[in-house]
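Thanks for coming. I will go through one model, starting with its sheet and ending with its helices. Please have a look at it first.

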Amino acid sequence: MIQLDPMNEDQYEVFMELSAPDQMEGHVREGRWQAEEAEANMARLIEQFLPDGLATPNHFFFAIEEDGSGANAGGLWYMLAEEDGGRQFFVVDIQIYEEYRRRGYGEQAFKAMEDKAREMGVTTIALHLFADNHPARAMYRKLGYAGTETSMAKDIS
C-alpha cells in the first residue's frame with residue numbers, strides 16, 4: 001500500500017532528475033525532437049510550465065510513499081486545467097523508482113489521485129503516453145483509461 005504526500009524540495013529535485021531525461025528521450029524516440037535539441041527544448045518547457053518550480057500554481061507534485069516504511073517509492077505530477085466549464089487533471093509524469101517497480105504502486109497512485117480528483121470536482125483525468133511505453137499502456141488500460149487520439153509519424157530518412 002502507498003500514500004500520496006506532497007513533495008518536499010529534495011523529493012522534487014530527485015523526481016525532476018528522472019522525469020526530464022525520460023521526457024526528452026521519449027520525444028526523441030517519437031521523432032518530435034532531434035537529440036541535439038532535446039535538452040534545450042526540455043529547459044524551455046520547464047521554464048514555461050513550471051516558472052515557480054514546486055510552487056507553481058495548479059501543478060501538484062506528490063511523493064509516492066510506502067505505508068509502514070515511509071520509503072519514497074516514486075513521484076506523481078499532475079496539473080489542474082479548466083476547460084469548457086469542466087475541471088480536468090492532466091498527468092504530466094509518474095515515476096516509480098527502479099527498486100519499487102512491479103509492486104502495483106503506479107496503480108495505487110492513480111487510484112489515490114482519482115480520489116483527490118473527486119474531492120476537487122474534477123471530472124476527467126487525461127495523460128500523454130509515448131507509443132513504445134507498453135507497460136504503462138497496460139496499466140492505464142487496466143485502470144479504465146481509453147485512447148482519445150492517435151498520432152502517427154513515418155521516419156523517411
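One term before we begin: a residue is buried when its relative accessible area is under 20%, exposed when it is over 50%, and partly exposed in between, using a 1.4 Å probe and protein chains only. This is a predicted model, in which local features need pLDDT of at least 70, side-chain atom pairs count only at pLDDT 80 or more, and totals for chains, interfaces and linings use all residues. Residues are numbered from 1 along each chain as its sequence is written, and side-chain values use heavy atoms, with hydrogens and water left out.

Now the sheet. Helices (H or I, at least four residues) and strands (E, at least two) are DSSP runs, numbered from the N terminus. Two strands count as paired if DSSP finds at least two bridges between them. Here five strands form an open sheet in the order 1-2-3-4-5, with mixed pairing. Strand 1 (2-6) and strand 5 (124-127) are at the edges with a single partner strand each, so one side of each has no neighbour in the sheet.

How is strand 2 placed, mostly covered or mostly open? Seven of its eight residues are buried, so to speak of it as mostly covered is fair. Strand 2 pairs with strand 1 in the antiparallel sense over five bridges, and Ile2 stands opposite Glu66 in strand 2. Strand 2 also pairs with strand 3 in the antiparallel sense, over seven bridges; there, Phe62 has Leu76 in strand 3 as its bridge partner. The hairpin of these two strands has five residues between them, and Gly68 takes a positive phi near 90°.

Strand 3 (residues 72-83) and strand 4 (residues 86-96) are antiparallel too, over 10 bridges. Gly75 is bridged to Gln95 in strand 4.

On to the helices. Axes are lines fitted to C-alpha atoms, for helices over the stretch in contact, and angles run from 0 to 180 degrees between N-to-C directions. The axes of helix 1 (residues 9-29) and helix 2 (residues 35-49) come within 9 Å and cross at roughly 130°. Contact means heavy atoms within 4.5 Å. Met16, Ala20, Gln23, Met24 and Val28 in helix 1 meet Ala35, Ala38, Glu39, Met42 and Ile46 in helix 2.

Last, Glu25, which lies in helix 1. Glu25 is partly exposed, with a relative accessible area of 47%. Its C-alpha atom is separated by 10.0 Å from that of Phe130, 105 residues apart along the chain.
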